[in-house]
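Okay, thanks for making time for this one. I'll put the structure up, and then we'll start from a single residue and work outwards.

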Amino acid sequence: MTNSDEWLEIGKIVAPQGLSGELRVYPESDFPERFEVPGKRWLLCPGKTEPQPIELLAGRYQDGKNLYVIKLAGVETRNQAEELRGCKLMVPESDRPQLGEDEYHVRDLIGLEVFMQASGELVGVVVDVIPAGNDLLEVELHQSLASEQGQMAKDKRQKTVLIPFVKAIAPVVDLQTRRIEITPPSGLLEVNN
C-alpha cells in the first residue's frame with residue numbers, strides 16, 4: 001500500500017467531457033493552478049496502490065459547477081476518459097503550496113480536537129471539512145456532550161455537528177497542540193441535530 005502521507009489528493013475525476021478525451025474533475029484543492037497549469041500530475045485509480053505519473057496538458061474552470069475540465073496526455077477519446085472515472089488526481093506531499101496566515105490544509109484539520117474556548121470543555125473531533133461559502137467543520141461530538149443532549153439513546157452512531165470555520169467562531173487553531181477552540185453562538189451545537 002502506498003504511504004498516503006507522501007501524496008495529496010487534489011481532485012477526483014467524475015466524468016468525461018465531450019468526445020475528445022477531456023475529463024471533468026471535482027477539485028479537492030483551493031489552488032486553481034493545480035488544474036490549469038500544464039505539468040506532471042499523478043493518477044491513483046481504484047484498485048491500484050501506487051499513483052501513476054501523467055501529463056496535464058490544459059485545464060479550465062467551469063463557472064457555476066465547481067468543476068474543472070482538464071486534458072491529459074494520451075487520453076484522446078471519450079472511452080479512454082470514461083476508463084478514468086473515479087480516479088484521483090494527486091501531487092506529492094512536497095508540492096504543498098505555502099499558505100498565508102489563517103489558511104490551512106484540510107488534511108491538517110482532520111483529527112484536531114475541538115474545545116469550548118470559555119470552559120475548556122471537549123466538544124469533539126474534526127472528521128471532515130465541507131466546502132461551502134465558508135468552510136464547515138464536521139465535528140463528531142464527544143460522548144459526554146452527545147449523551148448530555150440525549151442523542152445517543154435511540155441510535156448508537158456518533159452524532160456530528162457542522163461548525164462554520166470562520167475566525168469569529170473558531171478564533172484559535174493550533175496545529176502544534178492539535179486543537180481548535182470555538183466560541184459558538186448560543187444554540188449552534190444544538191441546531192445541527
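So, find I182 for me, which sits in strand β12. Before we go on, remember that this is a predicted model. Now, is I182 buried or exposed? It's buried, because its relative accessibility is 1%, and buried means anything under 20%.

Who is around it? If we skip the neighbours within four places in sequence, I182 is in contact with V114, F115, M116, Q117, V123, I163, I169, A170 and P171. And if you want a distance to check on your screen, take K167: that residue is 15 positions away from I182 along the chain, and their C-alpha atoms are 9.1 Å apart.

Now let's look at the strand itself. What does β12 pair with in the parallel sense? That's β7, residues 113-116, which pairs with β12, residues 179-182, over 4 bridges. To see how the two line up, look at V114, which stands opposite I180 in β12.

β12 has an antiparallel partner too, and that's β11, residues 172-174, with 3 bridges joining the two. There, V172 has E181 of β12 as its bridge partner. For anyone who wants the general background, sheet strands pair through backbone hydrogen bonds, and they can do that parallel or antiparallel.

β11 and β12 make a hairpin with 4 residues between the strands. Which residue takes a positive phi there? It's R178, with a value near 60°.

Let's stay with E181 for a second, since that residue also has a salt bridge, to R179, with 3.3 Å between the closest N and O atoms. The two ends of that salt bridge don't get the same label for burial. E181 counts as buried because its relative accessibility is 17%, and the cut-off for buried is under 20%. R179, at 26%, is partly exposed.

That brings me to the other charged pairs. How many salt bridges does the structure hold? There are 5. The background here is simple: side chains of opposite charge can pair when their charged atoms come close. I'll show you two more from that set.

One is E9 with K88, whose side chains meet at 3.8 Å, N to O. That salt bridge links distant parts of the chain, with E9 in strand β1, residues 7-17, and K88 in strand β6, 79 residues apart. E9 is partly exposed, with a relative accessible area of 30%, and K88 is partly exposed as well, at 32%.

The other is E76 with K71, where the closest N and O atoms are 4.0 Å apart. Have a look at the lysine in that one: K71 is buried, with a relative accessible area of 16%.

Next, the cysteines. The model has 1 disulfide, and C45 and C87 form it, with their sulfur atoms 2.1 Å apart. Where do the two cysteines sit? C45 is in the loop between β3 (39-44) and β4 (52-62), and C87 is in the loop between α2 (78-83) and β6 (88-92), so the definition of strands and helices puts both of them in loops, 42 residues apart. The link is right-handed, with 105° about the S-S bond, and both C45 and C87 are buried.

Several of those strands come together in a barrel. It's closed, has 6 strands, and runs β1-β2-β5-β4-β3-β6 with antiparallel pairing. On average, neighbouring strands in that sheet are turned by 50° against each other, direction ignored. To pick out one pairing, β1 and strand β2, residues 22-27, run antiparallel and are joined by 6 bridges. I13 has V25 as its bridge partner in β2.

Let me finish with the whole protein. It comes to 5 helices and 12 strands. Of its 193 residues, 37% are buried. If you take contacts with a separation of 6 or more, 52% of them are between residues 24 or more positions apart. The accessible surface is about 11,000 Å², and 50% of that belongs to carbon and sulfur atoms.

That's my tour. If you want to walk back through it on your own screen, start again at I182 in β12, then step across to β7 on the parallel side and β11 on the antiparallel side.

Definitions and conventions. Residues are numbered from 1 along each chain as its sequence is written. This is a predicted model: local features need pLDDT of at least 70, side-chain atom pairs count only at pLDDT 80 or more; totals for chains, interfaces and linings use all residues. Side-chain values use heavy atoms; hydrogens and water are left out. Two strands pair if DSSP finds at least two bridges between them. A disulfide is a pair of cysteine sulfur atoms within 2.5 Å. Buried means under 20% relative accessible area, exposed over 50%, partly exposed in between (1.4 Å probe, protein chains only). Contact means heavy atoms within 4.5 Å. Accessible areas come from the Shrake-Rupley method with a 1.4 Å probe; for residues, only the protein chains shown count as cover. Axes are lines fitted to C-alpha atoms, for helices over the stretch in contact, and angles run from 0 to 180 degrees between N-to-C directions.
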